[in-house]
Amino acid sequence: MSSNNVTRILVVGGGYVGMYTALRLQRKLKQELRQGTVEVIVVDPEPYMTYQPFLPEAAAGSISPRHVVVPLRRVLPQCQVVIGEVTAIDHTERRATITTLAAEETGNGAIEVAYDELVLAPGSVSRTLPVPGLADVGIGFKTVEEAIGLRNHVLAQLDIASSTRDPAVRDAALTFVFVGGGYAGVEALAELEDMARYAVRYYHNVQSEDMKWILVEATGRILPEVGPEMGRYAVRELRGRNIDVRLETRLESCEKRVAVLSDGSRFPTRTLVWTAGVKPHPILAATELPLNDHGHLKCTPALRVDGVEHAWSAGDAAAVPDLTAEPPAKPDEPRPLCAPNAQHALRQAKVLAENIAAVLRGDPTENYEHKYAGSVASLGLHKGVAHIYGRKLKGYPAWFMHRAYHLSRVPTFNRKARVLAEWTLAGLFKREIVSLGSLENPRAEFELAAGTGRHNEAI
Ligand SMILES: Cc1cc2nc3c(=O)[nH]c(=O)nc-3n(C[C@H](O)[C@H](O)[C@H](O)COP(=O)(O)OP(=O)(O)OC[C@H]3O[C@@H](n4cnc5c(N)ncnc54)[C@H](O)[C@@H]3O)c2cc1C
């Protein structure tokens, strides 16, 4: 017990796994939470959970940014939500170090929190490679800030292209390179291209044929989540829209705003989006908990950290054996792992919470077992591809299924209603095509008035 006979459950991360685990714990341990014999603390640097599958639609402007996120305090009233970052975990002593917003501002140092049960769910970060120039110009696509930043950036490029007389600047502004053909990259590119093609009708001197959209994928296929047949369809659909899909091609460098590909081609560009996979969050390496060769926490099918008492994990950070996969041919080969996706993360979170509640009550735990149901992907407004529960769909039906599926999955009735209302309004009115990039620097106008801004320096 951490103190006063209270069992403290510390949840690191308020994403899919963290939020759904806490939600389930709230329900399963309602009485204990009310009596004060159990407390649940959820720590995340952001006060919201991001529904990542909606990020491409947020980038396209079909859903407003605040409807893609779920406020943790609102959905977890029985938990303590701490906005901060866990920077170290000493599981032998069962203590975590948390840098909170206040600690950063006052410089008073991090706080230490003792716990009894640890749920480690920090998810993943973009997997980058040592490509020259990538760290300087690459744009990720994992957070709502990145999605909205990218939307503003793309629209700003149209403004740049429209207002320059320099053909080289115009060409680079109208060239958009995406690296990585998983659902994040393909959906982001497809939605943004669709939005940009719509937007250029309002520019007197930019045509949709002037834009170059390029998808670079190292393997021979895209969207492995929807299977080979639907992946090939997606390539045909994108190429049919004049999108340059380059398979078995890698980004070699992107210095001085020129993307150089392994097939020898060079594209001057101001937009390089990197969605070539994810790796487990680096905080895991700062613990002494067991990791596999790829840096994931080794977990048992019951979602305990392997061989460690009182530590649990799931989602993108965890290596969870997939009990539904065919057993390996050789007995010494390890069983395949669950893929890092929302489908597993959400279901694992429920089992994880049930198991913690069971352990606290002295009941047996259960194993996580879910057969991957397939996937749906949007390729822009009214276009999509799906392979789910054995059914293959493309075009409008797949797009409709994508929307229906994610509407049913996005947490809280409140969010569902707001997203549905937005889609309905978007169907009735014209799309929004304005870039609000200046929101990233809200003090610029006041600084200018006060004579301290960059504009004044220039003058
Ligand atoms: C653009 C995009 C589209 C996607 N589309 C789909 C889809 O269509 N279908 C699908 O199945 N999957 C999809 N995914 C994948 C899916 O979103 C992830 O697999 C899922 O979010 C994993 O859940 P998680 O809880 O492990 O991680 P996350 O949901 O990423 O949550 C991790 C949380 O931990 C927090 N955190 C990180 N470090 C710390 C720290 N040190 N201290 C405290 N908190 C910390 C983060 O802020 C974050 O809130 C998509 C992903 C992206 C990026």
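How many bridges join strand β1 (residues 7-12) to strand β2 (residues 38-44), and do the two run parallel or antiparallel? The first view has the answer, and keep in mind that everything here comes from a predicted model.

**View 1. Strand β1 with its partners β2 and β8.** Let's start with β1 and β2: six bridges join them, and the two strands run parallel. To find your way in, look for threonine 7, whose bridge partner in β2 is valine 38. β1 also pairs with strand β8 (residues 117-120), again in the parallel sense, over four bridges. Here, try valine 12, which has leucine 120 in β8 as its bridge partner. As a bit of background, strands of a sheet pair through backbone hydrogen bonds, and that pairing can be parallel or antiparallel.

**View 2. An open sheet made of β14, β15 and β16.** This sheet has three strands in the order β14-β15-β16, and the pairing is antiparallel. Why do β14 (251-253) and β16 (266-268) each have one side without a neighbour in the sheet? They stand at the edges with a single partner strand each, so there is nothing in the sheet to fill that other side. The strands aren't lined up perfectly, either: neighbours are turned by 35 degrees against each other on average, ignoring direction. Zoom in on strand β15 (residues 258-261) and you'll see it pair with β16 over three bridges, in the antiparallel sense. Valine 260 is a handy marker, as it stands opposite arginine 266 in β16.

**View 3. Helix α1 packed against helix α11.** Now for some helices: α1 (residues 16-28) and α11 (residues 342-361) pack at an angle of about 35 degrees, and their axes are 8 Å apart. The crossing is right-handed. On the α1 side, the residues in contact include Tyr16, Tyr20 and Leu25, and among those they meet in α11 are Ala345, Leu346 and Ala349. Sorted by class, this contact has 12 nonpolar, two polar and four charged residues.

**View 4. The shell of residues around the ligand.** Which residues come closest to the ligand? They are Gly13, Gly15, Gly123, Gly315 and Asn341, out of 33 residues that surround it. You'll meet some familiar elements here: α1, β2 and α11 each give two or more residues to the shell, and so do β5 (80-90) and α9 (183-199). By class, the shell divides into 18 nonpolar, 10 polar and five charged residues. Both domain 1 (7-124 + 279-361) and domain 2 (134-276 + 374-428) chip in, with at least three residues from each.

Conventions:
Residues numbered from 1 in each chain as written. Predicted model: local features only at pLDDT ≥ 70, side-chain atom pairs only at ≥ 80, totals over all residues. Pairing = 2+ DSSP bridges. Axes fitted to C-alpha atoms, helices over the stretch in contact; angles between N-to-C directions. Left-handed = near helix turned anticlockwise from the far one by under 90°. Contact = placed C-beta atoms within 7 Å. Nonpolar A, V, L, I, M, F, W, Y, C, P; charged D, E, K, R; others polar. Near = placed C-beta within 6 Å. Domains from an automatic or database assignment.
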